[in-house]
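Here's a walk through one protein chain, going from single residues out to the whole fold. Have the viewer open as you read.

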Amino acid sequence: MSELAPALGQVAVLLAALAVTVPFLGRHLAHVYTSPRHLAVERVAYRVLRIDPDADQHWRSYAMSVLGFSLVGVLVLYALGRLQEHLPLSLGFAGLPADGSWNTAVSFVTNTNWQWYSGEAALGHLMQMSGLTVQNFVSAGVGMAVAAAFARGLARAGGDARVGNFFADLVRGVLRVLLPLAVVAALLLVLLGAVQNLAANTDLDTLGGATQVLTGGPVASQEAIKEIGTNGGGFYNVNSAHPFENPSPMSNILEIYLLLLVPFAMAWAFGIIVKDRRQGVAVLTVMGVLLSLGVGLLTWAEMAGPGTAPQLAGAAMEGKETRFGEAGSALFGAATTGTSTGAVNAMHDSFTAPGGGVTLFSMMLGEIAPGGVGSGLYGMLVLAILTVFLCGLMVGRTPEYLGKKIGQREIVLVAAYVLATPVLLLTGIAVAITAGDGLAGLQESGPHGLSEALYAVTSAANNNGSAFGGLTSGTPFWNTLLGLLMLFGRFLPMLLVLALAGRFAQQQQLPPSAGTLPTHRPLFVALLTGVALVVVGLTYVPVLALGPIAESLS
């Protein structure tokens, strides 16, 4: 009981904080994406961008805006990486290699934030602030915008496939939601001990007479949006395990709260946008159930410590910070893989075999528990539509979701969405373990080596960004492969979601009938939870059996 007390206490604090704030932020998000009013600072941004924020875009135009804006982000970030040594505040660091700059640019634009490099030893302050932190804001804003467009598609009726204005959605999401939250969070992190300055390396004399180099920088500001935007890229190589990023158990709980806040609030906002709050509560409940399963299983795995080394040591503390302990590390690990954050406060490669399997499975769910900012919501809604379709087949009725019929074209888009990430992931792992350059990056052989490669391609294809520490990924092969997986794993599902939103926006809204499946009741919550688990189980259990499951049994 004494071991469980810290775990239960942290969960209780986290639940209380989310229960109080999620409804308020959800209402604010719904207002942000439905209000016809533009703030003065937003009008300035629209004039600079030369766009009409009131011009309603067809889903194809919306999708082209998403792709065009993101392409510009990739090019700018690639240039910053390559030219770093010629830019101010570079701290003397050289430019990134071509493959590494490509990987970093794609990684941060796709909200993945996979890092093949050590941040404090490779990037200057300008690259960190003007490159990575800016993308932390706008890549999160892109995901939120697509989710808002999907919600509008379900809420509108009888239109011509118009789903809103991408640039208005992006600017509003960044200025009205992400920026204010990040300012408050950064101040709280500084108050709790996180570093925020523009200092270069500082040489300090230790008590033992040696010299230690401490690297400062704009850490707290990047840490704040890294968690709020479910980005995950750390200022330092060890990410949120570093005391400058995450100094104490209190800051640890704050960071977990930040990475869960917006994804849960997006589900609440969805219910308001479609004018049925019960729908948002149902989606939020499924997200909460799946996250609870992940937290419970991962906490059990790490606190039980199965395996010879943990049993001999008395605890599974390898790769964990003593200031967080097993419970704080497990809670963070479940939350960061249940969302698309990818931040870590412990080395997932050092988790027990069952614990590592739980983090893998959480990502393979499609990161819908509660998922990334925006991507978690639209991912869960696609599964909700699939659930309604399957139930309709069982009772012989035309399936409907929120008064919109799910016909052949709609279900083709849903099926393509559900299959897109598994195809990318399984193709990626096949290439990785059959290519000599891929195998050369593995630290271990056998099941754990497979888990290292599987974790990397799962993290990239699902836009998570966390990693098993044993993989040497900073090579041209891995940088190129993971970059491609991140790129297609982000934008292919987005395009399918926007096409589905356009289809729904064109339809008239049908009134509920005796054959309509209620999608706000506990039965549907259970069905949707089951569909999410079964889809993952049928797809990934074979490869999991060769990796973490085989390692657990051995």
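Let's start with Asn246. Setting aside neighbours within four places in sequence, this residue touches Ser240, Ser251, Asn252, Glu255, Arg323, Phe324, Phe332 and Asn345. One thing to keep in mind throughout is that the model is predicted. Asn246 sits in a loop, the one linking α8 (219-228) to α9 (249-273). Is Asn246 buried or exposed? Its relative accessible area is 0%, so Asn246 is buried.

**The chain as a whole**

Zooming out, the protein chain holds 20 helices and 6 strands. Its radius of gyration is 23 Å, and the globule rule gives 24 Å for 554 residues, so the chain is as compact as a globular protein of that length. If you want box dimensions, the C-alpha trace spans about 75 × 55 × 45 Å along its principal axes.

Buried residues account for 58% of the 554 residues. Take the contacts between residues at least 6 apart in sequence: 79% of them join residues at least 24 apart. On the outside, the chain exposes about 21,300 Å², with carbon and sulfur atoms supplying 67% of that area. As for charge, there are 25 positive and 29 negative side chains, and the centres of the two sets lie 21 Å apart.

**Helix α3 and what covers it**

Helix α3 covers residues 59-82. Does its length come out right for a helix, and what span should its 24 residues give? At 1.5 Å a residue they should span 34 Å, and the end C-alpha atoms are 35 Å apart, which agrees.

Plenty of α3 is tucked away: its buried residues are Trp59, Tyr62, Ala63, Ser65, Val66, Ser70, Gly73, Val74, Leu77, Leu80 and Gly81. The cover over them includes helices α4 (98-109), α6 (125-155), α7 (166-191) and α18 (476-506), along with strands β1 (57-58) and β2 (162-164).

Two of those covering elements are worth a stop. Strand β1 contains His58. Beyond its neighbours within four places in sequence, His58 is in contact with Asp160, Ala161 and Arg162.

Helix α4 contains Phe108. With 0% relative accessibility, Phe108 counts as buried. Leaving out neighbours within four places in sequence, its contacts are Leu77, Asn113, Trp114, Gln115, Tyr117, Leu132, Gln135, Asn136, Ser139 and Gly233. Leu77 in that list is also one of the buried residues of α3.

**Backbone oddities**

Asn113, one of the contacts of Phe108, has a phi near 60 degrees, a positive value in a residue other than glycine. Asn113 lies in the loop between α4 and α5 (119-122), and at 1% relative accessibility it counts as buried.

Leu402 also has a positive phi, near 55 degrees, and again the residue is not glycine. You'll find Leu402 in the loop between β5 (400-401) and β6 (404-405). Why does Leu402 count as buried? Its relative accessibility is 17%, and buried means under 20%.

Where is the cis peptide bond? It runs from Ala369 to Pro370, with omega near 0 degrees. Pro370 belongs to the loop between α13 (353-364) and α14 (375-395).

**Out at the surface, and some distances**

For contrast with the buried residues above, look at Phe24 and Pro512. Phe24 lies in helix α1 (residues 4-34), and at 56% relative accessibility it counts as exposed. Pro512 sits in the loop between α18 and α19 (522-546) and is exposed too, with a relative accessible area of 72%.

Here are some residue pairs with their separations along the chain and in space, C-alpha to C-alpha.

| Pair | Apart in sequence | C-alpha to C-alpha |
|---|---|---|
| Phe24 and Ala269 | 245 residues | 9.5 Å |
| Pro512 and Val286 | 226 residues | 23 Å |
| Phe108 and Leu528 | 420 residues | 31 Å |
| His58 and Arg397 | 339 residues | 31 Å |

Phe24 and Ala269 make a handy pair to pull up in the viewer: 245 residues separate them in sequence, while their C-alpha atoms are 9.5 Å apart. For Pro512 and Val286, 226 residues apart along the chain, the C-alpha separation is 23 Å.

Note on methods
Residues are numbered from 1 along each chain as its sequence is written. This is a predicted model: local features need pLDDT of at least 70, side-chain atom pairs count only at pLDDT 80 or more; totals for chains, interfaces and linings use all residues. Side-chain values use heavy atoms; hydrogens and water are left out. Helices (H or I, at least four residues) and strands (E, at least two) are DSSP runs, numbered from the N terminus. The radius of gyration is taken over C-alpha atoms; the globule rule is 2.2 Å times the number of residues to the power 0.38. Buried means under 20% relative accessible area, exposed over 50%, partly exposed in between (1.4 Å probe, protein chains only). Contact means heavy atoms within 4.5 Å. Accessible areas come from the Shrake-Rupley method with a 1.4 Å probe; for residues, only the protein chains shown count as cover. Lys and Arg count as positive and Asp and Glu as negative; His and the chain ends are not counted. The place of a charge is taken as NZ of Lys, CZ of Arg, CG of Asp or CD of Glu. The expected span of a helix is 1.5 Å times one less than its number of residues.
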